[in-house]
Amino acid sequence: MSPRSASVNEELRRRSRERLLQAAVELVGEHGYEATTLGDIADRAGSARGLVSYYFPGKRTLVQSAVHRLMHRTLEEALEREPRAEDGRERLARAIDAILGLARDRPVLMRQHMAGLLQAEGFVPCPEQLRLAELLRDTVERNGSQDVDTDYPMLRALLMGAVYAALVPGVPMPVPVLRAELFKRYRIDWEMGVPPDTAVASGGTCDTDLSRFFATGAPPECGPGGQSK
């Protein structure tokens with residue numbers, strides 16, 4: 001049998017990493033951070049346990065990367081859904097609703113994520129977090145910001161604060177109240193984005209199938225000489 005080409009091996013490695021990210025999001029969302037082990041994640045992903053440490057230095061880095069992937073792809077999906085929106089306020093409304101929607105629909109996962117950010121290492125730099133930052137910066141810029149370097153961190157801080165407030169055990173604030181406060185600050189009409197009554201009427205926005213956010217499809221087939229078809 002001909003050996004696989006370098007490009008096929010790279011694709012296989014990329015898909016293995018994707019499966020680990022998806023498994024981390026699913027398991028932490030189902031069982032919480034402490035109850036989820038790297039072995040559990042590897043087993044769910046169908047990967048060798050030693051492969052986890054090849055891609056990620058530890059569980060917290062893996063989980064943070066996985067949640068940032070979910071956040072950036074959820075945000076991207078909201079911004080690009082039909083009908084496409086070029087209006088800056090509409091795009092900002094969609095961004096706010098996307099992030100608050102994750103707090104509403106995936107409370108266990110997002111509570112664990114926020115708790116992890118308060119650990120000593122804080123934000124762990126990774127490609128997923130950078131993509132999320134790029135989307136939020138672009139949203140701020142399209143909303144007419146004259147100082148993106150100031151306004152982007154403020155939006156990020158306000159969104160994080162709102163997510164924390166929605167998830168505090170025992171005294172959570174209702175998402176519609178938090179949404180109203182953010183919309184008031186940014187002078188966004190309530191009808192923009194996805195108003196809470198619209199989400200309820202449509203059966204909510206939570207989707208248990210996360211596969212579209214992770215490129216875990218079948219690996220490319222190899223042709224003669226190990227070249228992918």
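1. Buried, in this note, means under 20% relative accessible area, exposed means over 50%, and partly exposed covers what lies in between. The model under discussion is a predicted one, and the points below take up its backbone, its helices, its side-chain contacts and its enclosed spaces in turn. With that cut-off in hand, Arg 187, at 70% relative accessibility, counts as exposed. The same residue has a positive phi of about 55° although it is not a glycine, and its place is in the loop between helix H9 (175-185) and helix H10 (196-201).

2. A further backbone feature is the cis peptide bond that joins Glu 82 and Pro 83, for which omega is about -5°. Pro 83 is found in the loop between H4 and H5, and a colleague who inspects that loop may wish to look at the start of the helix that follows. There, at the start of H5, Asp 87 places a side-chain oxygen within 3.2 Å of the backbone nitrogen of Arg 89.

3. Helix H5 itself covers residues 88-105, and its 18 residues should span 26 Å at 1.5 Å a residue; the C-alpha atoms at its ends are 25 Å apart, so the expected span and the span in the model agree. Of those 18 residues, 15 are buried, and H5 is therefore largely enclosed by the rest of the structure.

4. Glu 90 deserves a separate remark, and its place is in helix H5. Is this glutamate buried or exposed? At 15% relative accessibility Glu 90 counts as buried, because the cut-off for that class is under 20%. A polar atom of the Glu 90 side chain lies 3.3 Å from the backbone nitrogen of Gly 193.

5. How many aromatic pairs does a search of the whole structure find? The search finds two. In one of them, the rings of Tyr 54 and Tyr 55 have their centres 4.9 Å apart and their planes at 85°, so the pair is edge-to-face, given that planes over 60 degrees apart are assigned to that class. The two tyrosines fall into separate accessibility classes: Tyr 54, with a relative accessible area of 56%, is exposed, whereas Tyr 55, with a relative accessible area of 18%, is buried.

6. Arginine side chains also lie over aromatic rings in this model, and the following cases can be checked directly. Arg 179 lies over the face of Trp 190, at 4.5 Å from the ring centre. Arg 185, for its part, lies over the face of Tyr 186, and here the distance from the ring centre is 5.8 Å.

7. Turning to enclosed space, a search of the whole structure finds two cavities of 30 Å³ or more. The largest cavity holds about 150 Å³ of space and is lined by 16 residues, of which Met 71, Leu 132, Leu 136, Arg 156 and Met 160 lie nearest its centre. Which helices each supply at least two residues of that lining? They are helix H4 (59-80), helix H6 (107-117), helix H7 (127-142) and helix H8 (148-167), and the largest share, five residues, comes from H8.

8. Among the pockets, the second largest has a volume of about 180 Å³. Its lining is made up of eleven residues, and those that lie nearest its centre are Val 25, Glu 26, Gly 29, Glu 30 and Arg 106. The elements that give two or more residues to this lining are helix H1 (6-31) and H6, and H1 gives the most, with four residues. Helix H6 is thus named in the linings of both this pocket and the largest cavity.

9. Two C-alpha separations complete the note. Gly 122 lies in the loop between H6 and H7 and, at 12% relative accessibility, counts as buried; the C-alpha atoms of Gly 122 and Gln 64, which are 58 residues apart along the chain, are separated by 9.8 Å. Val 177 has its place in helix H9 and counts as partly exposed, at 42% relative accessibility; the C-alpha atoms of Val 177 and Ala 166, eleven residues apart along the chain, are separated by 9.6 Å.

Methods
Residues are numbered from 1 along each chain as its sequence is written. This is a predicted model: local features need pLDDT of at least 70, side-chain atom pairs count only at pLDDT 80 or more; totals for chains, interfaces and linings use all residues. Side-chain values use heavy atoms; hydrogens and water are left out. Rings of Phe, Tyr and Trp (its six-membered ring) pair if their centres lie within 6.5 Å; planes under 30 degrees apart count as stacked, over 60 as edge-to-face and the rest as tilted. Buried means under 20% relative accessible area, exposed over 50%, partly exposed in between (1.4 Å probe, protein chains only). A charge sits over a ring if NZ of Lys or CZ of Arg is within 6 Å of the ring centre and within 35 degrees of the ring normal. The expected span of a helix is 1.5 Å times one less than its number of residues. A polar contact is a pair of N or O atoms within 3.5 Å; within protein, one must be able to donate a hydrogen and the other to accept it, and residues adjacent in sequence count only if both atoms are side-chain atoms. On a 1 Å grid over the protein atoms alone, a cavity is a set of points where a 1.4 Å probe fits but cannot get out, and a pocket is an open set with protein on both sides within 12 Å along at least five of seven lines; lining residues have an atom within 4 Å of a point. Grid points are joined across faces, edges and corners, and a volume is the space filled by probe spheres set on the points.
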